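Here are my notes from going through this one, written as numbered points you can follow on screen. Keep the picture open while you read.

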Amino acid sequence: HGRRWRAEAKIEDGTCDAPPEMYRSVQNRTCLVTGISGMIGSFIAREALARGCHVHGIVRFRTHWGNLGGLLNGSVTFHKGDITDGAFVRSVISAIRPDFIFHLAAQSLNGVSNASPYLTMQVNVE
């Protein structure tokens, strides 16, 4: 815990050159992925599972499940709720006590950002 690592992107093949000890460090650990139904969140969940991590994901009520193919077989524990609901997020974290949190939930649509800047700050930052 508390140890940081930096992944070097290899542009030519799109992989990350993370140190081997990082991969070993996730075995039998618990991670929480917010934004798990997105492209990056679902990729991270698959990679974490492949490395022996126990994966939990936060999904909202209107989640698009298309990116979650292969993750709906019971290998991931999903927690349904709103990322802007602090009590909900705290209860999930308290219940699962994750070793790693990958916070990828974000409001990324420009039109919504312009129309609802407070909501965008709530989702993306708070």
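**Notes on the fold, starting from one serine**

1. Start by finding Ser42, which sits in helix H2. Keep in mind that you are looking at a predicted model. Is Ser42 buried or exposed? Ser42 is buried, because its relative accessible area is 3% and the cut-off for buried is under 20%.

2. Now look at what Ser42 does with its side chain. The side chain reaches the backbone oxygen of Met39, at 3.1 Å. Leaving out residues up to four places away in sequence, Ser42 also touches Ile36, Asn67, Leu68 and Leu71.

3. Ile36 deserves a stop of its own. Not counting neighbours within four places in sequence, Ile36 is in contact with Gly41, Ser42, Ala45, Val55, Gly57, Ile58, Val59, Leu68, Val76 and Phe78. So you can reach the next topic, the nonpolar core, from here: Ile36 is one of the residues that touch the most other members of the largest core, along with Cys31, Val33, Cys53 and Val55.

4. That largest core has 13 residues. Strand E3 (30–34), helix H2 (39–50) and strand E4 (54–59) each put in at least two of them. Which element gives the largest share? It is H2, with 3 residues. Another core lies apart from this one; it has 6 residues, and Phe88, Val89, Val92 and Ile96 are among them.

5. Next, strand E3. How many of its 5 residues are buried? The count is 5 of 5, so E3 is mostly covered, given the under 20% cut-off. Both faces are covered: Thr30, Leu32 and Thr34 are buried on one side, and Cys31 and Val33 on the other.

6. E3 has partners on the sheet, so to speak. E3 and E4 run parallel and are joined by 5 bridges, with Leu32 standing opposite His56 in E4. To get from E3 to E4, the chain passes through H2, and this β-α-β crossover is right-handed. E3 also pairs with E6, again in the parallel sense, over 4 bridges. In that pairing, Thr34 stands opposite His103 in E6.

7. After E6 (100–103), follow the chain into the loop that leads to helix H4 (110–115), and you will find Gln107 there. Gln107 is a loop residue, yet it is buried, with a relative accessible area of 12%. Its C-alpha atom is separated from that of Leu119 by 8.2 Å, and the two residues are 12 apart along the chain.

8. Here is one for the charged side chains. In general, side chains of opposite charge can pair when their charged atoms come close. The structure holds 1 salt bridge, and you can find it between the side chains of Glu47 and Arg51, at 2.6 Å from N to O. Glu47 is partly exposed at 29% relative accessible area, and Arg51 also counts as partly exposed, at 26%.

9. Last, zoom out to the whole protein. It has 5 helices and 6 strands, and reading along the sequence gives the pattern β-β-α-β-α-β-β-α-β-α-α. Of its 126 residues, 29% count as buried. Among contacts between residues at least 6 apart in sequence, 48% join residues at least 24 apart.

Note on methods
Residues are numbered from 1 along each chain as its sequence is written. This is a predicted model: local features need pLDDT of at least 70, side-chain atom pairs count only at pLDDT 80 or more; totals for chains, interfaces and linings use all residues. Side-chain values use heavy atoms; hydrogens and water are left out. A salt bridge is a side-chain nitrogen of Lys or Arg within 4 Å of a carboxyl oxygen of Asp or Glu. Buried means under 20% relative accessible area, exposed over 50%, partly exposed in between (1.4 Å probe, protein chains only). Helices (H or I, at least four residues) and strands (E, at least two) are DSSP runs, numbered from the N terminus. A nonpolar core is a set of buried Ala, Val, Leu, Ile, Met, Phe, Trp, Tyr and Cys residues joined through side-chain atoms within 4.5 Å. Contact means heavy atoms within 4.5 Å. Two strands pair if DSSP finds at least two bridges between them. A crossover is right-handed if, with the strands pointing away from the viewer, the path from the first strand over the helix to the second runs clockwise. A polar contact is a pair of N or O atoms within 3.5 Å; within protein, one must be able to donate a hydrogen and the other to accept it, and residues adjacent in sequence count only if both atoms are side-chain atoms.
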